[in-house]
Amino acid sequence: MKNTLKIYRSLPRHDNHCPSAVTIGNFDGVHRGHQTILARVAHIAAQRQLASTVMTFHPHPRVYFARKGNRPELMPTQISSLRDKVWGINRLNIQQLALLRFNEALANLTADEFVQQMLIQGLNTRWLLVGEDFRYGHKRLGDIEHLRRAGRRNGFEVEIITDVVDEHGHRISSSEVRTALAVGNLDRAAHLLGHPYRISGHVVHGKKLGRTLGYPTLNIRVPELCAARSGIYVVQAYGLAEQPLNGVASLGVRPTVDEAGRIMLEVHLFDCNIDAYGKLTRIEFLKFLRDEEKFPDLPTMTAAIDNDAQRARDYFSLHGL
């Protein structure tokens, strides 16, 4: 049965009579560690007849404070777009998503105000799951002990989860996923995520240069601080046909032909001709081929693209795809 996710962009909810089992976090990537946390929330919610609930923030609080302090180097890269994060949460039996804008008003809430306005009045919280290093409220003054005391006063139980580790005892975290993506280690990223790394988006119009080179592309916008390494990838596209479509993709700023500097994902699909403009597709990254390069001229770039396409075709032949 398909899960129906209610999304609240402000609190309190308009239907606040329903008590909730809640977890709080950024959930960037919705990796295997997050999946363990969300499974626990869904289990307790079903057991106690509560609404399984995630509270998350946009932008990432670290991005907010880095911008406020004019320290862009402190901004974390982004594993998943907001769309992909919501999709990942929805498929894990979560019923409610409090998707809150992290702004000055939220940042200035005291620890007590956060509990009262967000947890009690906002979500009618009866059970709460957080990590052992969870901090909240202005200047991060709220800690686990403060939360436990608030729970005893207000009738909600607090459960603490320690680090989630894989079968080798290695910690699974968003930081680990970002590190794997930054070096193009897609096998490691897939191990941590529980699936191949992917980016979804609507196909938008590009400059049509690929057509003149014999490589028409689907152009997809990616998160501004995309965690994946810029370069050339073997990919598959989902959602445009009954079966996934094989292709090769460039993720980056197109340094040979464009000085604008906006990161784009350009996907060339093999042996098909699809009108995909405006359609939503999900691109799965299977293998990193090479870094993005600036070529001296278009013929040199075309020769490199020919080589990339052949290497991608060889990959699919080798893997029987």
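The following questions and answers concern how the terms used for this predicted model are justified.

Q: What kind of model is this, and how are its residues numbered?
A: The model is predicted, so local features need pLDDT of at least 70 and side-chain atom pairs count only at pLDDT 80 or more, whereas totals for chains, interfaces and linings use all residues. Residues are numbered from 1 along each chain as its sequence is written, and side-chain values use heavy atoms, with hydrogens and water left out.

Q: How do you know whether the radius of gyration agrees with that of a compact globule?
A: The radius of gyration is taken over C-alpha atoms, and the globule rule is 2.2 Å times the number of residues to the power 0.38. For 321 residues a compact globule would have a value near 20 Å; the protein has 22 Å, and therefore the two agree. The C-alpha atoms fill a box of roughly 70 × 45 × 40 Å along the principal axes.

Q: What makes up the secondary structure of the protein?
A: The protein has ten helices and twelve strands. Helices (H or I, at least four residues) and strands (E, at least two) are DSSP runs, numbered from the N terminus.

Q: Why is Thr 56 called buried or exposed?
A: Buried means under 20% relative accessible area, exposed over 50%, and partly exposed in between, with a 1.4 Å probe and protein chains only. Thr 56 has 0% relative accessibility and therefore counts as buried. This residue is found in strand β3, residues 51-58.

Q: What makes the pairing of Thr 56 and Lys 85 a polar contact?
A: A polar contact is a pair of N or O atoms within 3.5 Å; within protein, one must be able to donate a hydrogen and the other to accept it, and residues adjacent in sequence count only if both atoms are side-chain atoms. The side chains of Thr 56 and Lys 85 are joined by such a contact of 3.1 Å. The side chain of Thr 56 also reaches the backbone oxygen of Gly 25 at 2.8 Å.

Q: Why is His 202 called buried, exposed or partly exposed?
A: His 202 has 37% relative accessibility and therefore counts as partly exposed. This residue lies in strand β7, and a polar contact of 3.3 Å joins its side chain to that of Arg 83.

Q: Which residues does His 202 contact?
A: Contact means heavy atoms within 4.5 Å. Leaving aside neighbours within four places in sequence, His 202 is in contact with Arg 83, Asn 219, Ile 220, Gly 278, Lys 279 and Leu 280.

Q: How does helix α3 lie, and what covers its buried residues?
A: Helix α3 (residues 82-90) lies across β7 (198-204) and β12 (280-291), and runs at about 125 degrees to β7. Axes are lines fitted to C-alpha atoms, for helices over the stretch in contact, and angles run from 0 to 180 degrees between N-to-C directions. The buried residues of α3 are Asp 84, Lys 85, Val 86, Gly 88 and Ile 89; their cover includes β1, α1, β3, β4 and β7.

Q: What makes up the closed barrel?
A: Six strands form the closed barrel, in the order β7-β8-β11-β10-β9-β12, with antiparallel pairing. Neighbouring strands of this sheet are turned by 40 degrees against each other on average, direction ignored.

Q: How do you know that β9 and β10 pair?
A: Two strands pair if DSSP finds at least two bridges between them. Strands β9 (231-238) and β10 (245-252) have seven bridges, in the antiparallel sense; Gln 236 has Asn 246 as its bridge partner in β10.

Q: How many bridges join β11 to β8 and to β10?
A: Four bridges join β8 (residues 218-221) to β11, and six join β10 to β11. In β11, Met 264 is the bridge partner of Arg 221, and Leu 269 that of Gly 247.

Q: What makes strand β11 mostly covered?
A: Six of the six residues of β11 (264-269) are buried. Met 264, Glu 266 and His 268 point one way, and Leu 265, Val 267 and Leu 269 the other.

Q: Why are Phe 27 and Lys 139 called buried or exposed?
A: Phe 27 has a relative accessible area of 3% and is therefore buried, whereas Lys 139, at 67%, is therefore exposed. Phi is near 55 degrees for Phe 27 and about 60 degrees for Lys 139.
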